[in-house]
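Colleague: I should be grateful for a close look at one part of this model, namely the second largest pocket and the helix packing beside its lining. Please describe the lining first and then the helices.

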Amino acid sequence: MLSDIPASTDDRVLIDSRTADDAGVYRWEGGPAIVQTVDFFTPIVDDPYIYGQIAAANAVSDIYAMGGRPLTALAIAAFPKDDLDPDTIRAIFRGGFDKLREAGVSLLGGHTVQDPEIKFGYAVTGAIDPARVLSNAGARPGDVLFLTKPLGTGIVGTAIKFDRVDASLAAEAVESMQTLNRAAAEALQALPAGAVHACTDVTGFGLIGHATEMARASGVTLAIDAGAVPTFSGVLAIAEQNRSGGMGSNQDHFAESVRVEPGVETARECLLYDPQTSGGLLIAAAAGSAAEVVERLSRAGVPVSAIGVAQTPLPRVHVLVKR
């Protein structure tokens, strides 16, 4: 575990693993900083091309969440030695390449190993203004919390595996996972400095997990209005019977610092712990800038929902889930 590794003493390292941020940031002498991340996962959909697209969108999202611009990528892949059609491998790589090209990212190469289970993703490098880094450690009491994509991709992915999902719901979730967070990130960068205090993308730890990391790093409690959190149409109805292993792990890991008010329905609580793939951005914005944040995002075609506020920390509570 990285927590067992001594922290860097290089003062050019601006962000590393200590704040559980989405990516690391390193300052070049006399120029912009670089921002780096890596992400890969097993297939969440059956179509290999779409799987490649989602893997690429998910990997570059970490760069967007930090306020950076992704520039280059290296592919990371694991494929079985036998019983996998070469056309399937080509489709995965092509899907990822096309999504990287949409993001303006150059694919420089990569590394492939043999493994019984398919895995695919990218290590991504980008550029970032050291003065405009969006860490998850800057949320302040009074900030308004925004989310830019609906929740439910983990539940839908589980349901797809067992053929327990409506085609329209599956299509909605897949489209969301294929969508880059580029427009949202560019809209946030166009805001005046100080309008956004913290940002992270919602991925494997689910909304509660990533909110917990933001709250812990910022020294606040995030109060989330469960009813205001956007979800895919119909996903609440299938949430309880399509719990992924990741959802249970998230509950085991984060629940002790979460307080859920009475009256929050079980299905909605499941969604808050649901691990997301290529999820949206969780944004903590200054209250005085909240209207401008909504305007900028909406003008960029990004759906955005106000889902709560940051408040003075409660003892041993990082996330408060309200009715």
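Modeller: By class, the residues lining the second largest pocket of this predicted model comprise 11 polar, five nonpolar and two charged. The lining consists of 18 residues, and the pocket that they enclose has a volume of about 400 Å³. Nearest the centre of this pocket lie F41, I44, P275, Q276 and T277. Two elements, strand β3 (33–41) and helix α3 (153–161), each give two or more residues to the lining. Of the elements, α3 gives the most, with four residues.

Helix α3 also packs against another helix, α4, which spans residues 167–178. Two packed helices are described by the angle between their axes and the distance between the axes. For α3 and α4, the angle is about 125 degrees and the axes are 10 Å apart. Angles from 65 to 115 degrees count as roughly perpendicular and those over 145 as roughly antiparallel, so the angle makes α3 oblique to α4. The crossing of the two helices, α3 and α4, is left-handed.

The contact itself can be given residue by residue. From α3, the participants are T153, V156 and I160, and they meet L169, A170, A173 and M177 of α4. By class, the residues of this contact are six nonpolar and one polar, with no charged residue. Helix α3 thus takes part in two settings: the lining of the second largest pocket, to which α3 gives four residues, and the contact with α4, where T153, V156 and I160 are the residues from α3.

How values were computed. Residues are numbered from 1 along each chain as its sequence is written. This is a predicted model: local features need pLDDT of at least 70, side-chain atom pairs count only at pLDDT 80 or more; totals for chains, interfaces and linings use all residues. Side-chain values use heavy atoms; hydrogens and water are left out. On a 1 Å grid over the protein atoms alone, a cavity is a set of points where a 1.4 Å probe fits but cannot get out, and a pocket is an open set with protein on both sides within 12 Å along at least five of seven lines; lining residues have an atom within 4 Å of a point. Grid points are joined across faces, edges and corners, and a volume is the space filled by probe spheres set on the points. Ala, Val, Leu, Ile, Met, Phe, Trp, Tyr, Cys and Pro count as nonpolar, Asp, Glu, Lys and Arg as charged, and the others, Gly among them, as polar. Axes are lines fitted to C-alpha atoms, for helices over the stretch in contact, and angles run from 0 to 180 degrees between N-to-C directions. Angles under 35 degrees count as roughly parallel, over 145 as roughly antiparallel, 65 to 115 as roughly perpendicular and the rest as oblique. A crossing is left-handed if the near helix is turned anticlockwise from the far one by less than a right angle, and right-handed if clockwise. Contact means heavy atoms within 4.5 Å.
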